[in-house]
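Let's take a friendly walk through this structure, going from its rings to its strands. Have your viewer ready to follow along.

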Amino acid sequence: MTQIDFGGVMENVVTAEEFPLEKAREVLKKETIAVIGYGVQGPGQSMNLRDNGFNVIVGQSPKFPADWDRAVKDGWEPGKTLFDIEEAARKGTIVMMLVSDAGQKAIWPLIEQCLDPGDALYFSHGFSIVYKEQTGVIPPDNVDVILVAPKGSGTTVRTNFLEGSGINSSYAVFQNATGNAEERTQAVGIAIGSGYLFPTTFEKEVHSDLVGERGVLMGALAGVMEAQYDILRRKGHSPSEAFNETVEELTQSLIRLVGQNGMDWMYANCSTTAQRGALDWRKRFREAVAPVFEDLYQSVLVGEETRIVLEANSAPDYKEKLDKELAEMRHSEMWQAGAAVRALRPENRRQK
C-alpha cells in the first residue's frame, strides 16, 4: 500500500502502481465472477470486468425483462454469459451481490444454498451484512465476505472507466475464510476499474454511505436548492433567474472548479463580494444543519433508516409510490424551469 497524507492524517491506499491490472488477473485467473443483478451497479462493474479480461457472467431474473433485455443489449449471451440468478450463483466462485438492498434480503435464501466452501460473497454496500437482524443475510463461515464500494453511481463506474480515469472505491473484509480475502478484494477492486482503493469496514462504509446519500450528496442538496429557489421566487425573482442562481451556476461552473482544485481555490478565484459573503455565511449554514446531521447519523446507527428502506421497497405498490414522488419533483416549477434552462445550453441548441 501507499501512505497518503489526508489533511494531516496518514492513510493507506491501494493504487494501480502497486497492484496493477496484470497482478489482479493473476490473482483471479481461476475465478468465475458472477454478477448478480443488472440494475444500478451491475452493468458498470460487469462490463468493466469483461473489458479488463476477467471470467465474468451475469445472473439476472428474466422476471424483470427491462434488466434482462438491457443485459442482452450490452452483449451478455443467454446460456453462455447470462443466466438466471440461481445458475449464475452456482457457477460463480466470487458471487457479487449487486441487486438492491431489499432484493438481497429477498434472494438471500437462494444465494446461500449456492455457495461452496472457499467462495467469496461480494458486496458493494455494507447494508445487508451490518443490518443482518433486518435482512437475514448471515453468510456461512466457510466463505470469504468482502466489499468494494465505488464512490459514485453505477453509470459513473462505467463512464469513468471508458474515459480512462476510474473511480475511487472503498474496500473491506468482513470474513476471511480462505486466508486470501484481502488480496482477492483488492484484485476485484482493481478489476472493476477503481482508480484507487482505500480500506474501511462494512460498518463504516454503510454508515457513511447512508448519511452521505441522505445528506450532502442528495437529500440535503435537493432540500437546500428548493429552499433557496423558493425564497427567490417569493421575493419576486423569475423562475429562470432563481434556477440559474441556485442550480445552473453551481452545476455548470462552481462545482467543477471545486472538483478540480478544491473549495479554497474556488473561493480564492471568485469575486471579492462573493468571497466575503461565502466566508461569512458558511459557518452559519454549518451551525444550522449540524443538528440535522447528528439526528441523521443516529437514525442510521440504530437501523431506523434501513428499516424504512426495507419496509418501503418491499411494499407491493412501491414502484407506483416512487413514480408519484419523482413525478412531483419533476413537475415542480423549479425542475420544469431547469429543463427549460438546460435546453437553452449552447450544446443542446446545436443538436436541434
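In this predicted model, there are 6 aromatic pairs. One of them brings together Phe 123 and Phe 202: the ring centres lie 6.3 Å apart and the planes meet at 80 degrees, so this pair counts as edge-to-face. It is worth tracing the chain here, since the contact links distant parts of it: Phe 123 belongs to strand 7 (residues 120-123) and Phe 202 to helix 10 (residues 202-214), with the two positions 79 residues apart. Both Phe 123 and Phe 202 are buried. Ring pairs also bring in Phe 174, giving a cluster of Phe 123, Phe 174 and Phe 202.

Rings meet charges as well. The charged end of Arg 50 is placed over the ring of Trp 76, at 4.2 Å from its centre. Over the face of Phe 19 you will find Lys 23, 4.4 Å from the ring centre.

Now turn to strand 4 (residues 56-59). In a regular strand, side chains alternate between the two faces of the sheet. Here Val 56 and Val 58 point one way, Ile 57 and Gly 59 point the other way, and all are buried.

Strand 4 runs parallel to strand 3 (residues 33-36), joined to it by 4 bridges, and Ile 57 has Ala 34 standing opposite. Between these strands the chain passes through helix 2 (residues 42-51), in a right-handed β-α-β crossover.

Strand 4 also pairs with strand 5 (residues 82-83), in the parallel sense and over 2 bridges. Within strand 5, Leu 82 is the bridge partner of Val 58. The path from strand 4 to strand 5 leads through helix 3 (residues 65-73), and this β-α-β crossover is right-handed.

Notes: Residues numbered from 1 in each chain as written. Predicted model: local features only at pLDDT ≥ 70, side-chain atom pairs only at ≥ 80, totals over all residues. Heavy atoms only, no water. Phe/Tyr/Trp six-rings, centres within 6.5 Å; stacked < 30°, edge-to-face > 60°. Buried < 20%, exposed > 50% of the residue type's maximum accessible area, 1.4 Å probe, protein only. Lys NZ or Arg CZ within 6 Å of the ring centre and 35° of its normal. Pairing = 2+ DSSP bridges. Right-handed = clockwise from strand over helix to strand, strands pointing away.
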